[in-house]
Each structure stands twice: as structure tokens, then as C-alpha cells.
Amino acid sequence: MASICPKCRQPLDEDAAATRIVEDAVRLEVEMYQFYRLGRLRANDGIQREVFEELFAKEKDHIEAIERKYHVHLDPRVRQMPPDAEAILASWIFEGIDMSEPSGSVRPLYEKALLMERRTRDFFVRRSLELPAGPGRETCRELAAEEDEHVAILEAELWQFEAAVSGGG
């Protein structure tokens, strides 16, 4: 008989590899969530802020979908980091991004977002190749495919944004 999640009362996946993979997914997704959340607060420009707002909303929805699907049920404190932890994460996450660049300079934001999405996708592709056939491998493949979709969306958004700014679209 399958175990039941005490929070949402749905059946739990009892495969240990799949559970560990979901924990890794949540960690990587929370990093992206924090990048977008902190970026909204740090943006000095309305266009940058808009981009961060949109990316933040999408990432928030994605984390909530992972929580529902895999019964993660994150503690709300994970989303609101203490200032010292925020500063440590921000030193890495905003490295190479000048938030004071002129209006419309969103390429560095998208490049960092793409770097993080590709890193997450590649992590799950590698893990899927290391695992034997079974639920863990399938979970990795699902998560890698989701991240691949995110990469394609971000690339298209960046292209559209730059085309509009340059007058080509």
C-alpha cells in the first residue's frame, strides 16, 4: 500500500532516487526563484524590473507546480531568505550584471537566466544517464525536458525583446 502525503493526502512516490532528484530540483529552482525575486528589488530601471517581474511570476508558478506534483511543500521561509544568506547568494547570482546599465539593457539578465536554466537542464540530463531504468531516471528526464522548454522560452523572449528594441519586430 502506497504512503500518503500528510499535507495534501495524495499518494507518495517511494523511490529513493526520485525523492533525491526532486530535492535537487527544488534546490536549483529556488536559486532561480531568488535570482528573479532579488532582481525585482535591485532593478534600477523599469524595463529591467518588468523582465524580472515576468520571470519571477513564471518561476513562482513552476515551483508551485513542482510542490504539487512531487509533494514537496516548502516551508515559506525558503522563499524569504534571511539578509545574510541573501547577500551570499546575491554575490554569485548577480556577478557580471550591472543593474545600473541604461534602459533596455536586459541581455545580461536573460543570459544569467539562460545559464541557470541550462545548468539545471544539464544536471538532470547527466543524472538520467547515471541512473538505472526506473522512476528516478524518468523523473530526471521529465525535469530536463521542463528546463529545456524554459530555455527555449527565454531564448525566444530575448530575441523578441531585442528585435523590438532594434526596430526589427
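## Aromatic rings and a buried proline

Tyr 33 and Phe 56 are both buried in this model, which is predicted.

**Exercise 1.** Determine how many aromatic pairs the model contains, and classify the pair formed by Tyr 33 and Phe 56.

*Solution.* Counting ring pairs whose centres lie within 6.5 Å gives six aromatic pairs. For Tyr 33 and Phe 56, the centres are 5.1 Å apart and the planes meet at 40 degrees; because this angle is neither under 30 degrees nor over 60, the pair counts as tilted. The two rings come from distant parts of the chain, with Tyr 33 in helix 1 (residues 16-42) and Phe 56 in helix 2 (residues 46-70), 23 residues apart.

**Exercise 2.** Describe the geometry of the pair Phe 35 and Tyr 36, and identify the cluster to which these rings belong.

*Solution.* This pair is also tilted, with 5.3 Å from centre to centre and 45 degrees between the planes, and both Phe 35 and Tyr 36 are buried. Ring pairs then join Phe 35, Tyr 36, Phe 52 and Phe 94 into a cluster.

**Exercise 3.** Find the rings over which Arg 40 and Lys 112 lie.

*Solution.* The charged end of Arg 40 sits over the ring of Phe 56, 4.0 Å from the ring centre, while Lys 112 lies over the face of Trp 92, at 5.1 Å from the centre of that ring.

**Exercise 4.** Decide whether Pro 108 is buried or exposed.

*Solution.* Pro 108 belongs to helix 4 (residues 107-130). Its relative accessibility is 18%, so Pro 108 counts as buried, the cut-off being under 20%. The C-alpha atom of Pro 108 is 5.9 Å from that of Ile 97, although these residues are 11 apart along the chain.

Note on methods:
Residues are numbered from 1 along each chain as its sequence is written. This is a predicted model: local features need pLDDT of at least 70, side-chain atom pairs count only at pLDDT 80 or more; totals for chains, interfaces and linings use all residues. Side-chain values use heavy atoms; hydrogens and water are left out. Helices (H or I, at least four residues) and strands (E, at least two) are DSSP runs, numbered from the N terminus. Buried means under 20% relative accessible area, exposed over 50%, partly exposed in between (1.4 Å probe, protein chains only). A charge sits over a ring if NZ of Lys or CZ of Arg is within 6 Å of the ring centre and within 35 degrees of the ring normal.
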